[in-house]
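Let's take a walk through this protein, from its overall build to its details. Keep the viewer open so you can turn the chain as you read.

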Amino acid sequence: MTHAYHYCPDCASPLRLLSQDEDGGPKERLRCPACGWTHWNNPVPVLAAIVEMTDRGGQVLLARNAAWQGRMFALITGFMEAGESPRDGILREVAEETGLVAENPALVGVYDFQRMNQVIIAYHVQARGEIVLSPELAEYRLFRPEEIKCWRAGTGYAIADWLSARGIEPKWMEPAA
Ligand SMILES: [Zn+2]
């Protein structure tokens, strides 16, 4: 969910699209004409987890977000909190969203997700225990790795890379899905 900035957070003047010289040349951005504050709009880091269930034969937990339409199952994701490392953050997110104890976070890769202005930091984690979804998640499914169909966006590329590294040729959803 992105909210547009309309007013300067420093002096409350209305922001305007103004061009200004930056290191890369002139650039138009939302800026404050009164105090010079600039809305950089840098991508936000988002943590994502491929959750391998060590007590369920190595199946991978994918979950459907309650806010999504359709039947899309995807990785567990969440925003980093101030003062935590990405590794600590993804273990916390998995615990909060699924109730699972996760361990051994291993970086899969870093992926752009430009539609949401996010950068995905994807980990593989191992988890076990009883699955208790947070209200944010509507349902989950467990998949054997070779059953997973990857999606061509953000976290879908992460799971494809993870499957490839395990010697499994990634299968892709149809473009329309
Ligand atoms: Zn200002």
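What follows goes from the whole chain to the metal site, then to the strands and the pocket.

Before anything else, keep in mind that you're looking at a predicted model. The protein chain carries 2 helices and 10 strands, and if you trace it along the sequence you'll read the pattern β-β-β-β-β-α-β-β-β-β-α-β. Measure it out along the principal axes and the C-alpha atoms fill a box of roughly 60 × 30 × 30 Å. As for burial, 38% of the 177 residues count as buried.

A good place to get a feel for those dimensions is A4, which sits in the segment before β1. Its relative accessibility is 60%, so A4 counts as exposed. Now find G129: along the sequence A4 and G129 are 125 residues apart, and in space their C-alpha atoms are 40 Å apart.

Stay with the segment before β1 a little longer, and turn to the metal. Which residues hold the zinc ion? The protein donors are the SG atoms of C8, C11, C32 and C35, lying 2.3 Å from the ion. The angles among the 4 donor atoms run from 99 to 120°, and the site is tetrahedral. Written as a sequence spacing, the donor residues go C-x2-C-x20-C-x2-C. The pair C8 and C35 links distant parts of the chain: C8 belongs to the segment before β1, C35 to the loop between β2 and β3 (44-53), and 27 residues separate them.

Is C8 buried or exposed? With a relative accessibility of 4%, C8 falls under the 20% cut-off and therefore counts as buried. C35 is another story: its value is 42%, which lies between the 20% and 50% limits, so C35 counts as partly exposed.

Between the two ends of that spacing you'll find a pair of strands. Strand β1 (residues 16-22) and strand β2 (residues 25-31) pair in the antiparallel sense, with 7 bridges between them. A hairpin takes the chain from β1 to β2 through 2 residues. To check the register for yourself, look at R16, which stands opposite R31 in β2, and then at D21, which has P26 in β2 opposite it.

Moving on past β2, the loop between β2 and β3 also contains N42. Its relative accessibility of 54% is over the 50% limit, which is why N42 counts as exposed. If you want a distance for orientation, take N42 and L30: they are 12 residues apart along the chain, and their C-alpha atoms are separated by 12 Å.

Next, go to β7 (118-128). How many of the 11 residues of β7 are buried? The count is 8, so β7 is largely enclosed by the rest of the structure. Two of its pairings are worth tracing. With β3, β7 runs parallel, joined by 10 bridges; pick out M53 and you'll see that its bridge partner in β7 is A127. With strand β6 (residues 101-113), β7 runs antiparallel, joined by 10 bridges; here L107 has Y123 in β7 as its bridge partner. The hairpin of β6 and β7 has 4 residues between the strands, and one of the spots to look at there is N117, which takes a positive phi near 55°.

That leaves the open space in the fold. Rolling a probe the size of a water molecule over the atoms shows where empty space is left. In this model the largest pocket has a volume of about 1100 Å³. Of the 36 residues that line the largest pocket, N65, W68, T77, F113 and M116 are the closest to its centre. The elements that give two or more residues to the lining are β4 (59-65), β5 (76-79), α1 (86-98), β7 (118-128) and α2 (154-165). So where does the largest share of the lining come from? It comes from β5, with 4 residues. Sorted by class, the lining of the largest pocket has 21 nonpolar, 8 polar and 7 charged residues.

One last thing to try in the viewer is to follow β7 once more. This strand pairs with β3, pairs with β6, and gives residues to the lining of the largest pocket.

Conventions
Residues are numbered from 1 along each chain as its sequence is written. This is a predicted model: local features need pLDDT of at least 70, side-chain atom pairs count only at pLDDT 80 or more; totals for chains, interfaces and linings use all residues. Side-chain values use heavy atoms; hydrogens and water are left out. On a 1 Å grid over the protein atoms alone, a cavity is a set of points where a 1.4 Å probe fits but cannot get out, and a pocket is an open set with protein on both sides within 12 Å along at least five of seven lines; lining residues have an atom within 4 Å of a point. Grid points are joined across faces, edges and corners, and a volume is the space filled by probe spheres set on the points. Ala, Val, Leu, Ile, Met, Phe, Trp, Tyr, Cys and Pro count as nonpolar, Asp, Glu, Lys and Arg as charged, and the others, Gly among them, as polar. Two strands pair if DSSP finds at least two bridges between them. Donors are N, O and S atoms within 2.8 Å of the metal (3.2 Å for Na, K and Ca); water is not among the atoms, so sites may look incomplete. Four donors count as tetrahedral if all angles lie between 85 and 135 degrees; four count as square planar and six as octahedral if opposite donors are over 155 degrees apart and all others between 65 and 115; anything else is irregular. Buried means under 20% relative accessible area, exposed over 50%, partly exposed in between (1.4 Å probe, protein chains only).
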